[in-house]
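This briefing goes through one protein chain, from its overall makeup to single residues. Keep the structure open while reading, and find each residue as it comes up.

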Amino acid sequence: MLADAGVCALFAASGAAALVYQVVWTRMMILVFGSTSLAVSSILTAFMAGLAAGSYAAGRKAGLIRRPLLAYGAIEICIGLTALSVPLLVPAVGILQKAVWDAFHPPFLIQSVVRFVLACALLLMPTALMGATLPVLARRYAGRGGRQGFRLGILYAANTSGAVAGAALSGFVLLPALGVEATVRAAAAASIAVGVAAAVLGARRAGRQAPAVAASDSGGARRGAPEPASPVRLPFPVPYGLAAAVFASGFASMTLEVVWSRILGLLVGSSVYAFSMVLAIFLSGLAARAAALLKTRLGERPARLLVPAFAVASLAVFASMLAIGELPRLFLKWAKRPGIETPRGLMEEFIVSKGWATPEQIGEAVAAADSDEFREPSEPALSVADALRQAGVIGESQQRDAGIHVKRVSAGRTYNRFLAGQVIMAFAVLFAPVFFMGMVFPLALASAAGGAAGPAAGAGRLYAWNTLGCIIGSFSGGFVLVPLVGAAASVSLMAALYMAFVFAAAAKAARSGPSPASVGAAIAAALACAALPLLSPKWDGLVMSCGIYQYAFRDRIPDGSRESFDREFVAGNRLLFYKDGLTTTVTVVEEKSGNVFMATNGKTDASSRADLSTQVLLGQIPMALAPCRDDVCIIGYASGVTVGSVLTHPVRRAVAVEIEPAVVEASRFFDGVNGRPLDDPRLMVATDDGRIYLALSGRKFDVIVSEPSNPWMTIASNLFTGEFFRIGKERLKPKGLFCQWIQLYCLDTVNLRSLIATFKSVFGHVSIFYTKEMVDMLLIGSDERVFLDAAEIRRRVEEKEVASDLDRVGVSSAADLLSRFIIGPDEVAAFSAGANLNTDDNALVEFSSPKTLFTSFHVEIQQMMIEASAGISKYMKDSGEDARARAGFLAEIAESAMSQSDSLEGLARRFAQDSADLDPQGRGKLILDALSSGEN
């Protein structure tokens, strides 16, 4: 028994390591595919293909193994060694992709299939070795009587339980702490350690193992069924019914895993933690099912339980459809539960702990503050710091530090609630159906364990049939079903598939021995099979795509009631477009205000009004600054507004790279504001991931504009790393500009400095502009120092089409455009000095920024960047014929900054000081005097 417990512990550790590999390899494949859903489908397919090959080969040769623990140990050591080689071989996939691209320039879907084949080839060896472990260990139980199926079930349960731990550890602990490469090394070390331990255990028991094997052989002979060395002697590897059952189960379960991952992307978001969470919950259902089977000893007559298991699984899958439609409303109710600690309490605790003020001083300062100001402040946490600063107890920097600290703590606690809500939602959808779906394979395994082929061969062959179904299901879920019929219909079809197996079994029983029960069961199953897709609930697209995971914590939503939900997300809104695309779900909604927005997986990425300034200036600012404007690349199409703004310039060729065709299709709803760029012959739309396109195409550009979604989102996060910026730099012509959009909301100062430092590490000269009152900003990078040529900028912004485009966002002159300048190369270097770089390996921002998703630090960031500003004068040229003219132009820039927002007063002061330095008695001096006296 102790030996069996030790083997189970080793197999559990093996399962944990395997899931660490799966999560890490999925991250690697995301860089290859540029899509989470396609990467998940490919990794699952590659995993299952390798497992099938390994289990089948091991099942054939299991009868020759006399020391299974030693063999298992050797396999685990080989798994660790081959796993270490995968990161080294991933670059070869890129080289082969480039060769295929150069030779054929295949369309995106064909490219995806090529990448899929390369991924399978890369992972075949380690996954095949993983597949061999269960059949080899099953050999230990040969000749142990009727309990051998029960023991195999224990092994399977142990392995699955370890997999749950591995899925959770990899996403939530190992990757954030160690990075990709170190996590692979840690998992490989675990595999090798398991192998060594198994080999030692097997060597100690070698003397006692031989009689057991001999008994197995002689026992088999006494039963008249000696274990064959090859399955060729059998007319069929396992009984037809069992093969069909495990194949169908594998197909449906893997299809559902892919489809549910897509659906839950709408509900829990696309952060790096979502995939690990879904995977862990999926495996938890399998582990709980295995434990239930073992506890109740259902393995005594397992074959008779297969049909009921299929029936219950079908109903559970169908029931999950009913639950999914209500989850956004339930999540809002969860998000609006009252908190325990108030931001004000956290602020007071922090200030006292720092020794900046005593509780008595805090009380006196707050009491002395203007009651109107502090009765209902917009940021209650800051009222205490404001009062203390007004009283002269703390300074401005202390006030800011206290605000940042409290916001970060509050954000972390809000994120913990958010994460708990995600787990609850995913658990509600996945656990019950996975629990019942997962009963099929262990029941089939127990049914075959005592068959003529013996436990090892029977387990290996059933495993192979199950995994063959998993392979086809993994591929078809991501590449076929969701794009063709949509996510909801795919789930309904899988529920019908489970019920179809029930019908087939009932019909066979009715033919063999007709009875009212068997005939009735067949008719009922047939009706259910036909009705399930028809009865499938129709989800409300407005509800499903509302982005509840991001917007539930808005202050303007008063409570978690159904009325509040409908008022915020449904009432008065009109769904214009909804499509489950190849890589994401795309929605276009018209709000009651008239604003039209586009969302991908529920996250708003473009709009006709709210984001118009950013979308226009993202195209106009780099085009106004670039020395040459002939060839332009825009990464991310979205509404098409930025592309349209770029095309207002005399561009010869423009390429817009968009991975999701449904986005381009949906952009037609923005033709009224984007200038209809799809009708412009100068534009080519490339369907691909932006990073992969730049790496493969070999084209060079004068300007590259990168406008992906937010860096906390998986996939988009890969367009904010140093590796991506280097790829972009390689695709620039001499004197070319690279423009990177970064949002300031949901980013704290640490992550922002990391992104800026990463960009600065690649481009020698970086300037920063804002597009929307310091809520969005642009990093403009170049290898050569690019001066702001005022005369050329003035000429360009006065071009008819350009001027018309800029006018709609309040920019009517070169001064208006340049007033968006914040800091130049010298200040960027100082601002980002010492910050950690964001890389593919450590993914610092991707792992940490989700934790500040619900708190805005843009006010503090704005203050810090304005303080870092040194004006604009030293970065300009040709701004006037003499000092007085140049001073007048700088004064125009200052006045433009003042007119936009009071919060930009500090920036206006910097521009006015530049003007006053050139003309001490000019307009710049008057602006400074007005600012000093509090006048505007």
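The accessible surface of the chain comes to about 35000 Å², and carbon and sulfur atoms account for 61% of that area. The model is a predicted one. The chain has 936 residues, of which 58% count as buried. Its secondary structure consists of 39 helices and 14 strands.

**Confidence and contacts**

- The mean pLDDT of the chain is 83, and 87% of the residues reach 70 or more.
- Residues 372-382 have a pLDDT below 50, and this stretch has 15 contacts in the model beyond near neighbours in sequence.
- The pLDDT is also below 50 over residues 451-456, a stretch with 21 contacts beyond near neighbours in sequence.
- Among contacts with a separation of 6 or more, 79% are between residues 24 or more positions apart.

**Helix α8**

- Helix α8 covers residues 240-268, which makes 29 residues.
- From its first C-alpha to its last, α8 reaches 40 Å, close to the 42 Å expected at 1.5 Å a residue.
- Is α8 largely enclosed by the rest of the structure or not? Of its 29 residues, 24 are buried, so the helix is largely enclosed.
- G269 comes just after α8 and takes a positive phi of about 90 degrees.

**A nonpolar surface patch**

- V480, L484, V485 and L493 make a nonpolar surface patch of about 340 Å².
- Which helix gives the most to this nonpolar patch? Helix α18, residues 454-485, does so with 3 residues.
- L493 sits in helix α19, which runs over residues 487-512.
- The relative accessibility of L493 is 35%, so this residue counts as partly exposed.

**Positive phi outside glycine**

- Most residues other than glycine have a negative phi.
- K735 is not a glycine, yet its phi is positive, near 65 degrees.
- K735 belongs to strand β9, residues 732-743, and counts as partly exposed because its relative accessibility is 49%.
- A843 is a second case, with a positive phi of about 45 degrees although it is not a glycine.
- A843 is placed in the loop between α34 (825-832) and α35 (844-848).
- Is A843 buried or exposed? A843 is buried, because its relative accessible area is 4%.

**Salt bridges**

- The count of salt bridges comes to 30.
- K733 and D702 meet through their side chains in a salt bridge, at 3.7 Å from N to O.
- K733 lies in strand β9 and D702 in strand β8 (residues 701-706), so this pair ties together parts that are 31 residues apart in sequence.
- K733 is partly exposed at a relative accessible area of 25%, whereas D702 counts as buried at 6% relative accessibility.
- D783 and K729 form a salt bridge with their side chains, at 3.3 Å from N to O.
- D783 is in the loop between β11 (776-782) and β12 (788-789) and K729 is in helix α29 (residues 722-730), so the pair ties together parts 54 residues apart in sequence.
- D783 counts as partly exposed at 46% relative accessibility, and K729 is partly exposed with a relative accessible area of 30%.
- In the salt bridge between E895 and R923, the closest N and O atoms are 2.7 Å apart.
- E895 in helix α37 (residues 883-900) and R923 in helix α39 (residues 923-932) are 28 residues apart, and the pair links distant parts of the chain.
- E895 counts as partly exposed at 34% relative accessibility, and R923 counts as partly exposed at 37%.
- R629, E792, R795, R796 and E799 are joined into one network by salt bridges that share partners.

**Two single residues**

- S915 is found in helix α38, residues 905-918, and is buried with a relative accessible area of 2%.
- Which residues does S915 touch, not counting those up to four places away in sequence? S915 touches A887, L890, A891 and G924.
- P338 lies in the loop between α11 (327-335) and α12 (343-354), and at 72% relative accessibility it counts as exposed.
- P338 and D559 are 221 residues apart along the chain, and their C-alpha atoms are separated by 9.4 Å.

Notes: Residues numbered from 1 in each chain as written. Predicted model: local features only at pLDDT ≥ 70, side-chain atom pairs only at ≥ 80, totals over all residues. Heavy atoms only, no water. Helix = DSSP H or I, 4+ residues; strand = E, 2+ residues; numbered from the N terminus. Expected span 1.5 Å × (residues − 1). Buried < 20%, exposed > 50% of the residue type's maximum accessible area, 1.4 Å probe, protein only. Patch = residues over 30% accessible without salt bridge, like charges linked within 9 Å, V, L, I, M, F, W, Y side chains within 5 Å. Areas by Shrake-Rupley, 256 points an atom, 1.4 Å probe, with all protein chains shown as cover. Salt bridge = Lys/Arg side-chain N within 4 Å of Asp/Glu carboxyl O. Contact = heavy atoms within 4.5 Å. pLDDT = per-residue confidence, 0-100.
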